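User: I would like to learn how to read a few features of a protein model with care. Could we go through one together?

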Amino acid sequence: MKKRGGLKKMVWVALSALLIASCEQPDGVTEFINTNERAGFMSTTGNSDKIIDEAGLETIDPVLHMKFDGDLTEEQASTKFNEAVALYLANNKSDNRDIEKEWLYRIWNYTGMKKDNDTDGKVKVHVGFNTNKGEYYDINVILDNSGDDREGGWDYYLIKTNFSKEDVVWVELRNAFVQLQGTDGWYLKRCYLVILDSDQEQPAIGTSAIVSESEVWLDNTCNLCWDTFSTGNIGEGRLNF
């Protein structure tokens, strides 16, 4: 955490070079008390062992996901994902550019290389935005991957928000809540989010980003419980339509 400022600056520089360039609980979260802690409980968030009422909550699935081995640098992984995003955008052009103001944004996280770092547990994120029309949250963005999951390395996602408003003229990333379900702990080393003008279907200019050198363990003492890590309100920059 002592190097967060320098790392944050480096990530912003990397975003530009590649042309890609608070802590309140989300609604529906309630406390769950379990006094039978299991061996190996690793959570460092202070927000573990919650039961979340998911009834009636819509889910948002990524439109694109790619996984990269931990041997790749962030620059190498980002370059490969940039190419995949460009192909996706070319093959999925919308006919509603002048009608709705949805936006695309990216999430990527890095699973650290520690003992028992990996997880096959369910992972999701809630993403907070500021807009000229007020605050907005993308709830239940599902980052769960099939097969062996998060064994160290990068996971990149492209998300299309389900917020459609013709009169949105600017948007900013505000915060994010990363959540893990179950007792298969996870070491989240880094969590980044970014909105890029080059990804948008409508004409846009600017960038907004969340840069979190998280270095946090998520874990629970029961299989139905959820642990939550909050980035805090650290979003910077603005995307203008």
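Analyst: What follows goes from the overall make-up to the cores, then to one strand residue and the cysteines.

User: Where should I begin, and how many helices and strands are there in the protein?

Analyst: Begin with the status of the coordinates, since this is a predicted model. The protein has two helices and 13 strands, and of its 241 residues 50% are buried. Its accessible surface comes to about 11,500 Å², with carbon and sulfur atoms accounting for 49% of that area.

User: How do I read a nonpolar core, and which residues have the most contacts inside the largest one?

Analyst: The general idea is that in soluble globular proteins nonpolar side chains tend to be buried together. Here the largest nonpolar core has 31 residues, and Trp103, Tyr105, Ile107 and Phe129 are those with the most contacts inside it. At least two residues of this core come from each of E4, E5, E6, E7, E8, E9 and E11. Apart from it lies another core, which has 19 residues, including Phe81, Val85, Leu104 and Tyr110.

User: Which residues does Ile107 touch, once those up to four places away in sequence are not counted?

Analyst: With that exclusion, Ile107 touches Val125, Val127, Val141, Leu143, Asp155, Tyr156, Tyr157, Ile159, Tyr192 and Leu193.

User: Now for a single polar residue: is Thr111 buried or exposed?

Analyst: Thr111, which lies in strand E4 spanning residues 104-111, counts as buried because its relative accessibility is 0%, and the cut-off for that class is under 20%. The side chain of Thr111 is joined to that of Trp186 by a polar contact of 3.0 Å. Leaving aside neighbours within four places in sequence, Thr111 is also in contact with Asn117, Asp118, Arg150, Gly152, Gly153 and Tyr187, among others.

User: How do I read a disulfide, and which cysteines form one?

Analyst: In general, a disulfide is a covalent bond between the sulfur atoms of two cysteines. The structure holds one disulfide, formed by Cys222 and Cys225, whose sulfur atoms are 1.8 Å apart. The link of Cys222 and Cys225 is right-handed, with 95 degrees about the S-S bond.

User: Why do Cys222 and Cys225 count as buried?

Analyst: Cys222 counts as buried because its relative accessibility is 13%, and Cys225 is buried because its relative accessible area is 0%. A further cysteine, Cys191, is buried as well, because its relative accessible area is 3%.

Definitions and conventions: Residues numbered from 1 in each chain as written. Predicted model: local features only at pLDDT ≥ 70, side-chain atom pairs only at ≥ 80, totals over all residues. Heavy atoms only, no water. Helix = DSSP H or I, 4+ residues; strand = E, 2+ residues; numbered from the N terminus. Buried < 20%, exposed > 50% of the residue type's maximum accessible area, 1.4 Å probe, protein only. Polar contact = N/O pair within 3.5 Å; in protein donor to acceptor, adjacent residues only side chain to side chain. Contact = heavy atoms within 4.5 Å. Areas by Shrake-Rupley, 256 points an atom, 1.4 Å probe, with all protein chains shown as cover. Disulfide = S-S within 2.5 Å. Core = buried A, V, L, I, M, F, W, Y, C linked by side-chain atoms within 4.5 Å.
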